[in-house]
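These entries record what I looked up about how two chains meet, and then about one helix beside that meeting.

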Amino acid sequence: MYSQGLIGADSQPVEDQAFLDAFQRRIDAEEKIEPNDPMPMAYRNTLVRMIGQHAHSEIVGMLPEGNWITRAPSLRRKVALLAKVQDEGGHGLYLYSAAETLGVSREQMTEELLSGEAKYSSIFNYPTPTWADIGTIGWLVDGAAIMNQVPLCRCSYGPYARAMIRVCKEESFHQRQGYELVKSLCEGSADQKAMAQDSLNRWWWPSLMMFGPPDTDSQHSDQSMKWKIKRFTNDELRQKFVDATVPQAELIGLSMPDPDLKWNEEKNNGQGGYDFGEIDWDEFWRVVNGHGMMNKDRIAARKKAWEEGAWVRDAAKAYAAKQKQRTAAA
Amino acid sequence: MSEHLLNTVLQIADDHLILGHRVSEWCGHAPMLEEDLSMPNMALDLIGQARSLYTYVAQLEGKGRTEDDFAYLRGDREYRNCLLVERNNEDFAHTVLRQLYFAAFMKPFWEAMHTCSDETLVNISHKAVKEIAYHVRHCGEWVIRLGDGTAISAERMHDAVLALHPYTAELFEIDNNRQQCINSGLFPDSQALQPAWTSTINQIFTQAKLAVPRDEYPQTGGRKGLHTEDFGILLSQLQYMQRAYPGASW
């Protein structure tokens, strides 16, 4: 429905060594790969998977925050939250369009999300029981997303790189907005501060998991680095995030739920950095594999919206067809 | 005079807040991604207008209350929104029709406000009219598509008209406060806006192949603070944080 002109329009080149070498030379020369350029099928598939997951994450990510729109405690916070959730939807739309340039339709991607075939960021399978979670998500989740996404502005695939420039600007605004929200809770009553600390306790470790499995276990990293789809490894980005975030928590009087967290002068080639405790990878894999608290609810909510909205989409198509007939008859 | 003005501005402030609340419930649950964006967009317009109006109400009252005090800390009998805007979303047909009914009234209302004598309201009207014109267009287009789409969508649209039309009469209701404002040239005469509203609705309904029902039993009460049962549930969500943490700032 959305990209019929593109689907199947790409003829796949023969992937002999000469072709792969020529492609790698373009990557090494920092040339951008554009939709109509020849590319190895594995490069195309990696990007479809990555951009699709990213788009799905934005869409599913609307749900945990959307949970608080009707209960936001002030009108100022309510409009900020509405605008933020709307931005996430906009990123989804933008990213689906970027994926469509690789020959996959939005409908197809949506079906993969609803069937459970396609993944989205596991962080959104955690619940948002309190208002503080709205601030913490902006601060930590959008903060971690920025760490991941800023390097993607230089990704070798042109449409994704360009989409990420705008997305990163907005995410950066969300991150500051989230931090400001948590900061104002910390400056409020004891109840408000406790709400902020409780929220940080719940989101800290899942945020660290957002960077993916450790480099030793990551399935996709090596080839993606070579193709300059990714620029840093999972562990490098995770370390950057910890180093940036710990001082922010200290500044507003919150403590990280990690007894092993401590400054280490030796880290980052002598520039210093934080050592941190062991991440519970069993929990990570449990949630990734569909058994987090909200996995089933998230997909159920998206399915409900999609299925209950089918008659609306059908009506729009039927009306368009009628109009076409009427124009032809006139 | 300021008492009459305050009470009348409060009516339209409440209309915008409550409708904005209802529309915002769609965010993340709409039939397509484009509507996941346009629903919060309309909610933002409406709540933005509510904020300007509550701020003005607080200023007229002069007792140091804020926009949030008015939005969050009144009992249900103190809200003065019309019943139309508090009706449940039900489905997409009800939602776009409710929005069209309201926006088709507010568009000529804000246009007429341009030549009224209250400077604050005139300023608000210039921004609001642009936003509400989009709501008429967007929701009008949907009413046409659903009314003239498939058999199922036509039936849903027809059901929505039957359910919501009785609530439209209240848009034109004039109580004593509003009458005083109209007499002093501060507010447009709601009754005089009826031909413009009827013409917009007729035009869209003709294209949507929908019939305009006759209002034999209009439903009113909101302007006097008498609301439907669903309204209390809405307030319990809206007010939850302010009630649970009295005096906290956010």
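Entry 1. I took contact to mean heavy atoms within 4.5 Å. The model is a predicted one. By that cut-off I found 48 residues of chain B in contact with 46 residues of chain A.

Entry 2. I next looked up the area buried between chain B and chain A, which is about 4,000 Å². Carbon and sulfur atoms account for 69% of that area.

Entry 3. I then turned to the polar side of the interface. Between chain B and chain A the count is four salt bridges. I noted a salt bridge between the side chains of B:D36 and A:R302, at 3.7 Å from N to O. I also recorded 16 residue pairs in polar contact across the interface of chain B and chain A, both residues being at pLDDT 80 or more.

Entry 4. I asked which elements of chain B give two or more residues to the side that touches chain A; among them are α1 (2-24), α2 (33-61), α6 (119-147) and α10 (229-238). The largest share, 11 residues, comes from α2(B). I sorted the residues on this side of chain B into 26 nonpolar, 11 polar and 11 charged.

Entry 5. I examined α10(B) more closely. In this helix I found B:F231, B:L234, B:L235 and B:L238 buried. They line one face of α10(B), because their directions seen down its axis fall within an arc of 100°. The face turned away from the buried side carries B:E229 and B:I233, which are exposed.

Entry 6. Against what do the buried residues of α10(B) pack? I found α3 (75-100) of chain A, together with α1, α3, α4 (83-86) and α11 of chain B.

Methods. Residues numbered from 1 in each chain as written. Chains lettered and ligands numbered in written order. Predicted model: local features only at pLDDT ≥ 70, side-chain atom pairs only at ≥ 80, totals over all residues. Heavy atoms only, no water. Buried area = accessible area lost by both parts, 1.4 Å probe. Polar contact = N/O pair within 3.5 Å; in protein donor to acceptor, adjacent residues only side chain to side chain. Helix = DSSP H or I, 4+ residues; strand = E, 2+ residues; numbered from the N terminus. Nonpolar A, V, L, I, M, F, W, Y, C, P; charged D, E, K, R; others polar. Buried < 20%, exposed > 50% of the residue type's maximum accessible area, 1.4 Å probe, protein only. Arc of directions from axis to C-beta.
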